[in-house]
Amino acid sequence: MNKKDYENSDKGLGKTLSYILRHHPEAFNVNMDSHGWVNVDELLSQMRKRGRIIDREILDRIVRENDKQRYSYNENKTKIRANQGHSIPVDLELLPVTPPDILYHGTAEQFLDSIQQKGIMKMSRNHVHLSVDTETAFDVGSRHGNPVVLVIDSKRMYSDGLNFYLSENKRWLCEYIPFKYVSAVIKKKGNELCKEKL
């Protein structure tokens, strides 16, 4: 598949959407409000001006079929935004929610020393992302190197006054995780999962 065909495939268009709605709306001359919403007609028009073959039907399909449910429309479907993962400041109007007792954070083994010293930081994003299952967390960690999963004592964090949020696509988010709330690390050894206390 050549570059042009990829850019206009659902996967390629989805990557462009993510780039615009989570990171760089200005690159496509799209106006975003303080809550991350952009006008759908303007978005489609600006994408087409830059050679992307997309219309409302294709956008609807990408939003509906995205495996991570990254995008949401407003009630009358005139606006769209990313549900989480922004590297630009937006107010997603999230309210604090009581988390499950345990959550998981996927990362790469190479970052463990830094995490032990500094805790889990949101880095370039607006929040630290957490999963309810180890499979998702391993998937996230594998993007950065040899994956490991940190077991987070979210019940204790919450009881100590740290807030958790649940995005519209059901991803758990928080501002920062001090290392004392990391209770164990899970590593893959072959097909086995090995849990080590910290």
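Over how many bridges do strand 1 and strand 3 pair in the antiparallel sense? In this predicted model, strand 1 and strand 3 (residues 79–82) are joined in that way over two bridges. One facing pair can be picked out in the structure above: Asn 39 stands opposite Lys 79 in strand 3.

These strands belong to an open sheet of three strands, which has the order 1-3-2 and antiparallel pairing. Strand 1 (38–39) and strand 2 (71–73) stand at the edges of this sheet. Each of the two has a single partner strand, so one side of each is left without a neighbour in the sheet. A helix accompanies this sheet as well: helix 4 (residues 56–65) lies across strand 2 and strand 3, and it runs at about 125° to strand 2.

The chain also holds an open sheet of four strands, again described by its strand order, 4-7-11-12, and with antiparallel pairing. Its edge strands are strand 4 (103–108) and strand 12 (192–197), each of which pairs on one side only. From one strand to the next, the twist averages 30°. Helix 6 (residues 134–141) packs on this sheet, where it touches strand 4, strand 7, strand 11 and strand 12. The direction of helix 6 makes about 25° with that of strand 4. Within the sheet, strand 7 (residues 147–152) and strand 11 (residues 182–189) pair in the antiparallel sense over five bridges. Here, too, a facing pair can be found, with Val 148 opposite Lys 187 in strand 11.

Attention now turns to the surface. Met 121, Met 123 and Tyr 176 form a nonpolar patch there, and together they have about 340 Å² of accessible area. Met 121 has its place in strand 5 (residues 120–121). Why does Met 121 count as partly exposed? The relative accessible area of Met 121 is 42%, and the partly exposed class lies between under 20%, which means buried, and over 50%, which means exposed.

Finally, the chain can be viewed as a whole. Its secondary structure comes to seven helices and 12 strands, and its C-alpha trace spans about 55 × 40 × 25 Å along the principal axes. Of the 198 residues, 44% count as buried. The chain exposes about 11,000 Å², with carbon and sulfur atoms supplying 48% of that area. Among contacts with a separation of 6 or more, 66% are accounted for by residues 24 or more positions apart.

Key
Residues are numbered from 1 along each chain as its sequence is written. This is a predicted model: local features need pLDDT of at least 70, side-chain atom pairs count only at pLDDT 80 or more; totals for chains, interfaces and linings use all residues. Side-chain values use heavy atoms; hydrogens and water are left out. Two strands pair if DSSP finds at least two bridges between them. Axes are lines fitted to C-alpha atoms, for helices over the stretch in contact, and angles run from 0 to 180 degrees between N-to-C directions. Contact means heavy atoms within 4.5 Å. Patches are made of residues with over 30% relative accessible area and no salt bridge: like charges are joined within 9 Å, nonpolar side chains (Val, Leu, Ile, Met, Phe, Trp, Tyr) within 5 Å. Accessible areas come from the Shrake-Rupley method with a 1.4 Å probe; for residues, only the protein chains shown count as cover. A salt bridge is a side-chain nitrogen of Lys or Arg within 4 Å of a carboxyl oxygen of Asp or Glu. Buried means under 20% relative accessible area, exposed over 50%, partly exposed in between (1.4 Å probe, protein chains only).
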